[in-house]
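I am opening a fresh notebook page for this one. Come along as I look things up, one entry at a time.

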Amino acid sequence: MESIRYYLYFVLGKIRHQYFMQIPENDQEYKRSRMWFIVDGASAVTIGVLVGGAFLAAILRTLGISDSFNGIISAIPSLASIIQLIGIEFAKRMHKIKLFVCILAIIHRLMFAFLYAIPFLKMSITWKVILCILTFLTAHTLGQMIAPAAGNWISSLVSEDVRGKYFANRDCIMVLVSITVALGTGQVFDRLKAWSNPDMKFLFVSLQILVLAIINFIALSNIKEPRFSYVSSDNKEMHGKLVEKRGYKESNEHCEKFWVTFKQVISNKSFRSSIILTVLWQSAFFFSTPYFGIYQISYLKLSYTYIMIMGFAGSLIRIILTPIGGKVADKKSWALVLKTALSVMAFAFIINGFTVPTNSRMMFTIYSILTGAAWAGVAPGLFAIQLDLAPDGDKTAYLGVNAAIMGVCGFLSALAGGYILHLILDRGNQIWGYRVYGQQILSWGSGVLILVLVAYIKWRFKKFL
């Protein structure tokens, strides 16, 4: 019995040291932690790819979910962003957030693995649909809850003078890993079509996500967390009994109520520009993209392999251009890079609006190349501008409120897109006597909204352009 207690104390001590007492002490440890964050990002983004786009559309289609409802479900990640407000309050009350992030991250990703196992459950199709929606929503809710703390964690490990280069390189690696895995998965999907049990492809994805979730947990556990806890008079971090002896007691006096934090963020004139920027982007993006996956599979009849090959080609372009964008941003500004990238993105959506079954391969190739080039500036640009405009010392709250607002707007935009798609489907894809698919109209709408965003950047950030 005594040996069991000793072993238990030993394990608890290891856990305490791993998740509460690992502080980067020198540049080498900061660098090593940033490297582990790249592994975290690569595995997390790969899981995100496997639970979105054509892969998500495939499982929703198998469950018999309609096109318009398919897109609304695909937009759930945007709606779940509002949970970041709760995540902010949790993070503010924690002196150490590493264990909080690690636990919720592994649960969040394991739920995605379970999502693809749902078709094999012995229950009615109705209950499978309900379970699928609840699992998808809960998983993204947990992911969004840790997003503000994780964002603040990584920003504390990356100094401003190398931020452009680091995020550009990290983005390149994440994209390369995710699209490589997605390409292999697409080939498996196409091969399994000929099997007597084609649903086995979902089990394959589930096992992939399970492995990636474990890798992600290991990566997060090895990242050191800069000092957030109590500090003694000689600038050393204190834990446990030492904190109690020194008279430090946890207090929530400085933890502001939600409405105070919300008002503080939206009243910040400088950061308000970031909110408008991201709201316009999220609304434009989610107006059409949640409905692309089912369109590519059901109407354009594109194979999973071809979709992933085009994604791979676009990602290679993104990888090549992203470091260039980071260098330009370090010399000029992220506003300039973002304006240019969004202009390309708007053109890509407008081009995509002309994609129909008879020209699908050619037009989808052009769309993939243009979006690959655009993402090189859009993804790191949006994040970098948010970090730059958020005041030091409270970036978690600012990033969380911003994500919540833009998430709700993105979901509402997806609902609007779904309503328009439903109307066009009811008309038999006919408008004024012309055959037009709903996804074409939505794509044109996204292109116009992005052009509005470009005009806003040119007006609001003109001193940086």
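**Entry 1: a residue on helix α10**

I began with Leu-210, which I found in helix α10. The model I am reading is a predicted one. Is Leu-210 buried, partly exposed or exposed? Its relative accessible area is 36%, so I wrote it down as partly exposed, since that label covers values from 20% to 50%.

Next I looked at what Leu-210 belongs to on the surface. I found a nonpolar patch of about 550 Å², made by Leu-110, Phe-120, Leu-203, Leu-207, Leu-210, Ile-214 and Ile-218. Which helix gives the largest share of this patch? I noted helix α10, residues 200–221, with five residues.

**Entry 2: the whole chain**

I stepped back for an overview. I listed 19 helices and two strands in the protein chain. The chain has 465 residues, and 53% of them count as buried. I also looked up the surface: the chain exposes about 21,700 Å², with carbon and sulfur atoms supplying 66% of that area.

Then I turned to contacts along the chain. Taking those with a separation of 6 or more, I read that 83% join residues 24 or more positions apart.

**Entry 3: a covered helix**

I picked helix α4, residues 67–74, and asked how many of its eight residues are buried. The count is seven, so I noted the helix as mostly covered. The buried ones are Asp-67, Ser-68, Asn-70, Gly-71, Ile-72, Ile-73 and Ser-74.

**Entry 4: salt bridge**

How many salt bridges does the structure hold? I found one. In it, the side chains of Arg-170 and Asp-40 meet at 3.8 Å, N to O. The pair links distant parts of the chain: Arg-170 sits in helix α9 (residues 160–192) and Asp-40 in helix α2 (residues 27–50), 130 residues apart. I checked the cover as well, and both Arg-170 and Asp-40 are buried.

**Entry 5: two neighbours on helix α17**

I looked up Tyr-367 and found it in helix α17. Is Tyr-367 buried or exposed? Its relative accessibility is 10%, so it counts as buried, the limit being under 20%. Leaving aside neighbours within four places in sequence, I listed its contacts as Phe-292, Ala-348, Phe-349 and Asn-352. I also noted the spacing to Met-310: 57 residues apart in sequence, and 9.0 Å in space from C-alpha to C-alpha.

Then I moved on to Ser-368, also placed in helix α17, which spans residues 360–389. Ser-368 has 7% relative accessibility and therefore counts as buried. Which residues does Ser-368 touch, not counting those up to four places away in sequence? I wrote down Met-310 and Gly-314.

**Entry 6: cavities**

I asked how many cavities of 30 Å³ or more a search of the whole structure finds. It finds two. I took the second largest, with a volume of about 40 Å³. Its lining is made up of Phe-292, Tyr-295, Gln-296, Leu-300, Asn-352, Thr-355 and Phe-364. Helix α14, residues 292–299, gives the most to this lining, with three residues. I recognised two of the lining names, Phe-292 and Asn-352, from my list of contacts for Tyr-367.

**Entry 7: a residue in a loop**

I followed the chain to Lys-301, found in the loop between α14 and α15 (304–331). What caught my eye is its backbone angle: Lys-301 has a positive phi of about 55°, although it is not a glycine. Is Lys-301 buried or exposed? With 60% relative accessibility, it counts as exposed, because that label needs a value over 50%.

**Entry 8: Arg-272**

My last stop was Arg-272, placed in helix α13, residues 269–288. I noted Arg-272 as partly exposed because its relative accessible area is 36%. Leaving aside neighbours within four places in sequence, I found Arg-272 in contact with Ile-266 and Ser-267. How far apart are the C-alpha atoms of Arg-272 and Ala-390? They are separated by 9.6 Å, though the two residues are 118 apart along the chain.

Key. Residues numbered from 1 in each chain as written. Predicted model: local features only at pLDDT ≥ 70, side-chain atom pairs only at ≥ 80, totals over all residues. Heavy atoms only, no water. Patch = residues over 30% accessible without salt bridge, like charges linked within 9 Å, V, L, I, M, F, W, Y side chains within 5 Å. Areas by Shrake-Rupley, 256 points an atom, 1.4 Å probe, with all protein chains shown as cover. Salt bridge = Lys/Arg side-chain N within 4 Å of Asp/Glu carboxyl O. Helix = DSSP H or I, 4+ residues; strand = E, 2+ residues; numbered from the N terminus. Buried < 20%, exposed > 50% of the residue type's maximum accessible area, 1.4 Å probe, protein only. Contact = heavy atoms within 4.5 Å. 1 Å grid on protein atoms, 1.4 Å probe; cavity = no way out; pocket = protein on both sides within 12 Å on 5 of 7 lines; lining within 4 Å. Points joined across faces, edges and corners; volume = space filled by probe spheres on them.
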